[in-house]
Amino acid sequence: MDIHTQSELILREAGYETWTWPGAQPPTTCFENQSIVGFLYVFETAQELLSDWKNKQDQVLARHAIALRSAGAKAWNVYSVFLTAEHAPNFRRSVEKLEEDFSMTRKIARHGVQTIDDLENALMPLVPLKARPVINNTDLDERVRKRSKDISPEALEGFLGTASPAEVAELLRSKR
């Protein structure tokens, strides 16, 4: 899996603008939306991630310093994402511990990013929630009735029926 390309697809689907900054080796994926700006780095190995993350972060921040200073409140939401496909259980805790370092940027660090699911899980803090509850309209009235034990039957029927909001409010007030 090409982590850079798949990351860009996931981030774009989440509403980010993405672009590649070739000034770093390997190239860095930059991303931005109305409230967040970030940089995504992909390393060959977990060892490389652990030894080079700070230099990579410093390099890209220095290059984009002027833009970040003028970003206003967004400058408080700068993320560095450090990923590697290498599954490295021996380095698991060290990689996870990077996320506890809040100097310069917020951090997301993962090893073993080998599938789309792995990548989506790694980027989850940056993307909107995807859960969409499915409520069948045919049983919606019954569900509301079951959960509305503290509301008078008249107010509940008005709410579920054709009563106006003002009429429902009056029914709620009168049954106290």
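**Reading helices and loops in a predicted model**

Tutor: Let us start with Ala71, which is placed in the loop between helix H3 (65-69) and S4. Helices (H or I, at least four residues) and strands (E, at least two) are DSSP runs, numbered from the N terminus. This is a predicted model, in which local features need pLDDT of at least 70 and side-chain atom pairs count only at pLDDT 80 or more, while totals for chains, interfaces and linings use all residues. Residues are numbered from 1 along each chain as its sequence is written, and side-chain values use heavy atoms, leaving out hydrogens and water.

Student: Is Ala71 buried, exposed or partly exposed, and how do I tell?

Tutor: Look at relative accessible area: buried means under 20%, exposed over 50%, and partly exposed in between (1.4 Å probe, protein chains only). Ala71 has 26% relative accessibility, so Ala71 is partly exposed. Its C-alpha atom is separated by 9.1 Å from that of Val37, and the two are 34 residues apart along the chain.

Student: Which residue has a positive phi without being glycine?

Tutor: That is Met104, whose phi is near 70°. Met104 belongs to the loop between helix H4 (92-97) and S5, and it counts as exposed because its relative accessibility is 57%.

Student: How do I read the packing of H1 and H5?

Tutor: Axes are lines fitted to C-alpha atoms, for helices over the stretch in contact, and angles run from 0 to 180 degrees between N-to-C directions. Here H1 (residues 3-13) and H5 (residues 116-123) pack at about 55°, with axes 10 Å apart. H1 is therefore oblique to H5; angles under 35 degrees count as roughly parallel, over 145 as roughly antiparallel, 65 to 115 as roughly perpendicular and the rest as oblique.

Student: Which residues make that contact?

Tutor: Contact means heavy atoms within 4.5 Å. H1 brings Ile3, Gln6, Ser7, Ile10 and Leu11, and H5 brings Ile116, Leu119, Glu120 and Leu123. By class, this contact has six nonpolar, two polar and one charged residues.

Student: Where on H5 do the buried residues lie?

Tutor: A helix makes a turn every 3.6 residues, so residues three or four places apart point the same way. In H5 the buried residues are Leu119, Ala122 and Leu123. They lie on the same side of H5, because they cover an arc of only 90° around the axis. They pack against H1, strand S3 (37-43), strand S4 (78-84) and strand S5 (106-110).

Student: What about H7 and H8?

Tutor: The axes of H7 (residues 153-160) and H8 (residues 165-174) come within 8 Å and cross at roughly 170°, so H7 is roughly antiparallel to H8. Glu154, Ala155, Gly158 and Phe159 of H7 meet Val168, Leu171 and Leu172 of H8. That contact has five nonpolar, one polar and one charged residues.

Student: Is Phe159 buried or exposed?

Tutor: Phe159 is exposed, with a relative accessible area of 52%. Leaving aside neighbours within four places in sequence, Phe159 touches Val144 and Val168. The C-alpha atoms of Phe159 and Val144 are 10.0 Å apart, with their positions 15 residues apart along the chain.

Student: Which residue should I look at in the loop between H7 and H8?

Tutor: Try Ala163, which lies in that loop. Ala163 is partly exposed, at 25% relative accessible area. Apart from neighbours within four places in sequence, Ala163 is in contact with Gly158 and Val168.

Technical notes
Nonpolar A, V, L, I, M, F, W, Y, C, P; charged D, E, K, R; others polar. Arc of directions from axis to C-beta.
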